[in-house]
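Open your viewer and get ready to click along. We will go from one stop to the next, selecting a few pieces each time.

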Amino acid sequence: MDFWFSEMHTSNVKMSIRVDKQLFSKESDFQRIDVFESPEFGKFLTSDGSVIFSEQDEFTYDEMIVHVPMAVHPCVRKVLVIGGGDGGVARELSYYDEIEQIDVVEPDEMFVNVCKEFFPDNAKGLDDPRVIVTNRDGLRFLRGKQDEYDLIINDSTDPFGHTAGLFTKEFYGSCYKALHDDGIMVYQHGSPFFDEDEEACRAMHRKAYKSFPISRVYQAHIPTCPSGYWLFGFASKKYHPLKDLDPERWNKRGLKTWYYSTNLHAGAFMLPKYVEDLLKEEEGAEKK
Amino acid sequence: MDIERQKSAPVYEALERFRKQRVVPFDVPGHKRGRGNPELVKLLGEQCVSLDVNSMKPLDNLCHPVSVIYEAEQLAADAFGAAHAYFMVGGTTSAVQSMILTACKAGDKIILPRNVHKSVINALVLCGAVPVYVNPDVDNHIGIALGMETSQVEKALNDNPDAVAVFVNNPTYYGICSDLRAIVKLAHDRGMLVLVDEAHGTHLYFHEKLPVSAMEAGADMAAVSMHKSGGSLTQSSLLLANHTVNTRYIQQIINLTQTTSASYLLMSSLDISRRNLALRGHDSFEKVSSMAEYAREEINSIGGYYAYGKDIVNGSSIFDYDVTKLSVYTRDMGLTGIEVYDLLRDEYDIQIEFGDIGNILAYISIGDRIQDIERLVGALEDIKRLYSRTSSKLHNAEYIAPIVAATPQEAFYADKELLPIRETAGRICSEFVMCYPPGIPILAPGEQITEEIIDYILYAKDKGCSMQGMEDPEISKLNVLK
């Protein structure tokens, strides 16, 4: 049997993963969710035909979106995770004892339940007593919130699908308002490589750069993402991702990671020239 | 309405049959199912260009419908509770003009509110009828023209017993309805026709909780923008008629100005949209109403904005309110509607229907999702945080009562001269001036220009309204009668 899952990364580029079997398929009010079992990536979950994460490479993503801000901010007590219904981000956050509350706001209840059933290693993060899961639209949850959080993680992946509202100026503005004066927001920044994705990537930086005094971009290698190359955004009111990085403090924690290290942290902000150029272009466009 | 019959879509089905016959085209259009224009096929898709065909026996002819188009029009009439329905391919503008050309001849009087769409006054330029304006009531807080008070209509009817028709907006762009049933009774008692502009009221026919529709209220004709809340393609529309008008005569009037090459893309979109409305319209508009109500509550809880709804109903000039509309008054934030409209588009990538001096209107339809509503509300909250300022004393009157000094036709065709706008006070204007959208004239041909009107025009232009209708696009000059 020759059974493959394919995802179009552009109209001319297709990524295919050999599949053993399909474990789940259902349409919720928000998206169609499928879960597959594959020899190379283990179990993986797709939303409307796009890979969201796989067992084999989710660690990169979850570690990079959590440990980077946590190694910079000196004391995080209250965190908001937008999306993150799989629990991977909450799991990484739960390793930090000083955190008192983790709000996970995932609009799609079915997404949470599917992850609990098929990805218990991720979903165990949601069982931590400090985690409060709310099934609500992210923008709606943020409305009226002011000066409440030390860290906001936007764990939504798709700037075009049902989470499009989380890649907008109104979202960044709402996050700015909901953060303390020294708060940090990290978010998915997409992939800059293919022409189709470049504009979305530019627009995200333009909006964040305008909304926050400090706005930097960092990178990671995630095989199931378009072109295998993924960016994250680091937007902050006070702390600089490199100048305020405290490697000693973080390393003393002795956390076990597979991708993140404080050495990599510094390197992740060193971007390829073409990415640096396109980000600079957007920063320049705002100053005009 | 016969639900079983409503499940068919005769024009669409005829196109499907025709496609399967693989007829070799030696007729127009010349692109021949797209083969002669590959770039067009790439843009629109093969399915779309293959439907772009000419009128012929199996597909009927819109100028003289006898088979599939006639059947489709009958189904539309049944769905809308009308005696007859006409598929229109020149926008609701063509439907509005056909109503007026059917009802009025040169010199006939027609009673109408001043906040009509420009297409109405254009029709008066064409046919030479004389407008008698009923001044709409104006809400001093939100600064918009409302509906007509029934007593004002009655007075106009008594003052002009020779008028042939009354024209009513149902609802206005902002969702406001006059007491249509009462106006129909007043007009019919005097032997006058009632013509209704339902450009913003297609959905009224499909939900009992919405304001009364023209056909249900017993009006004689109605122009219905299927392409707005009905979901059909832009430029497609319906003209509805009751038993009280000669349907053959209406067809002749339509044919005076309508194309003889009507697009089957537009007609099939009318056909399947009518089917969709008949079968699923009730559920859709239930959902649209609840989304709009939710948005209203959320926007009002931000503070500083006023999203008005049924609360503004006053039994007279606001006899009823169409809750699917989402109009928001923005001036208490120190921002004009047009400023908020521009911010939403330029800064938040949100395109709303229009902004005027004091309000914005977001169009909510069967294509919307709740997460998009959250974006709109989120953006409005962010605009308040970043851009609000103390509201200063600014122009608020959206409506200035016109002084009709000549008929639109006389003024339009008269000898005229182009003068600097500041020098035109006291003269008679020979052209239109309007903000578009909403496309309601500030000045129409034949109206006297006043200092107040000049101030208002320059203010609206300064605030970034798109000014249209004039010969001079910069509106530094105006055409006036010699």
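Start where the two domains of chain A meet: in this predicted model, 19 residues of domain 1 touch 20 residues of domain 2. To see both sides, colour residues 4–54 as domain 1, then 58–251 together with 260–287 as domain 2. The C-alpha centres of these two domains of chain A lie 23 Å apart.

Now look at the side of domain 1 of chain A that touches domain 2. Select β1 (4–10), β3 (21–27), β4 (32–38), β5 (42–47) and β6 (50–54) of chain A, each of which gives two or more residues to it. Which element supplies the largest share? That is β6(A), with five residues. Colour this side by class and you should find nine nonpolar, seven polar and three charged residues.

Next, select strand β11 of chain A, residues 179–190. Is it mostly covered or uncovered? Mostly covered: nine of its twelve residues are buried. Add strand β10 (149–155) of chain A, which pairs with β11(A) in the parallel sense over five bridges. Then add β13 (229–236) of chain A, whose pairing with β11(A) is antiparallel, over six bridges. Click on I184(A): it is the bridge partner of L151(A), and it also stands opposite S236(A) in β13(A).

For the last stop, show chain B too. Here 13 residues of chain A are in contact with 13 residues of chain B. On the chain A side, select α5 (138–142) and α6 (169–178), which each supply at least two residues. Helix α6(A) gives the most, with six. By class, this side of chain A has two nonpolar, five polar and six charged residues.

How values were computed:
Residues are numbered from 1 along each chain as its sequence is written. Chains are lettered from A and ligands numbered from 1 in the order in which they are written. This is a predicted model: local features need pLDDT of at least 70, side-chain atom pairs count only at pLDDT 80 or more; totals for chains, interfaces and linings use all residues. A residue is buried if 20 or more other C-beta atoms lie within 10 Å of its own, exposed if 12 or fewer, and partly exposed in between; C-beta atoms are placed from the backbone. Helices (H or I, at least four residues) and strands (E, at least two) are DSSP runs, numbered from the N terminus. Two strands pair if DSSP finds at least two bridges between them. Two residues are in contact if their C-beta atoms, placed from the backbone, lie within 7 Å. Ala, Val, Leu, Ile, Met, Phe, Trp, Tyr, Cys and Pro count as nonpolar, Asp, Glu, Lys and Arg as charged, and the others, Gly among them, as polar. Domain bounds come from an automatic or database domain assignment.
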